[in-house]
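Trainee: Could you take me through a single part of this protein slowly, and then show me what else in the model deserves a look?

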Amino acid sequence: MAIHPIVVYTEPVLHRRAEPVTDFGEELQTLIADMFETLAASKGVGLAAPQIGVGKQVFVYDADDEAAGIRRRGVFVNPVLVASKIEDSRPDPDADSEGCLSVPGLDFPLKRAHRVTVSGRDEAGEPISLAVEGWFARIMQHEFDHLQGTLYVDRLDARWSKKWKRARKEYGYDEEGISWLPGTDPDPFGH
């Protein structure tokens with residue numbers, strides 16, 4: 001297993017739809033193991049393959065599901081997501097704040113669907129499905145978006161998008177080739 005650098009916002013792999021996985025062999029198993037190790041080192045809750053520069057339809061998660069009162073750890077390969085309607089109101093900066101390992105050190109409010117069902121394959125290619133709500137539903141939507149070539153900052157409303165554009169320049173996230181290595185580089189989230 002290995003910890004991979006996490007690429008930052010301007011990397012092209014983050015802005016294109018990831019390719020479906022067709023081979024569930026050793027290469028995929030290594031990728032998933034590396035993703036879990038990278039996620040643990042980052043102290044994040046989810047990680048999509050494009051975030052480590054791999055354009056494949058894979059994401060891992062390891063987080064508390066507060067609504068269900070349990071910890072969930074797993075992987076989705078070639079996922080499909082079905083979401084409830086998103087409330088038509090402004091995001092609450094306290095309740096709706098979201099961050100991303102590929103936009104290190106920043107967070108912005110974003111409205112998300114309260115409930116989602118994610119279906120796909122596990123690491124062995126077996127069908128799986130998960131219905132969740134609340135904060136864990138936010139994680140699923142966030143990681144699924146990465147596989148579609150969308151980052152959460154691409155979904156911000158006009159007010160927060162303006163703040164993101166200023167922060168993007170301030171943090172130097174306008175240039176390609178930026179990454180950070182969890183467990184080695186300073187933690188951009190202060191964990």
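Mentor: What follows looks at one helix and then turns to the pockets. Please keep in mind that this is a predicted model. Helix 1 covers residues 26-42, and because each residue should add 1.5 Å, its 17 residues should span 24 Å, which agrees with the 24 Å between its end C-alpha atoms. An α-helix has 3.6 residues a turn, so residues three or four places apart point the same way. With that in mind, look at the buried residues of helix 1, which are Leu28, Leu31, Ile32, Asp34, Met35, Phe36, Thr38, Leu39, Ala41 and Ser42. These buried residues pack against several strands, namely strand 1 (6-7), strand 2 (46-48), strand 3 (58-65), strand 4 (70-83) and strand 9 (179-180). After helix 1 comes Lys43, which has a positive phi, near 65 degrees.

Now turn to the pockets. The largest pocket holds about 420 Å³ of space, and among the 19 residues lining it, Val45, Glu98, Gly99, Cys100 and Trp135 are the closest to its centre. Two elements, strand 5 (97-99) and helix 2 (135-148), each give two or more residues to that lining, and helix 2 provides the largest share, six residues. By character, the lining of the largest pocket consists of six nonpolar, eight polar and five charged residues. The second largest pocket holds about 240 Å³, and of its 14 lining residues, Asp96, Arg112, Ala113, His114 and Arg138 lie nearest its centre. Its lining divides into four nonpolar, three polar and seven charged residues.

Terms used. Residues numbered from 1 in each chain as written. Predicted model: local features only at pLDDT ≥ 70, side-chain atom pairs only at ≥ 80, totals over all residues. Heavy atoms only, no water. Helix = DSSP H or I, 4+ residues; strand = E, 2+ residues; numbered from the N terminus. Expected span 1.5 Å × (residues − 1). Buried < 20%, exposed > 50% of the residue type's maximum accessible area, 1.4 Å probe, protein only. Contact = heavy atoms within 4.5 Å. 1 Å grid on protein atoms, 1.4 Å probe; cavity = no way out; pocket = protein on both sides within 12 Å on 5 of 7 lines; lining within 4 Å. Points joined across faces, edges and corners; volume = space filled by probe spheres on them. Nonpolar A, V, L, I, M, F, W, Y, C, P; charged D, E, K, R; others polar.
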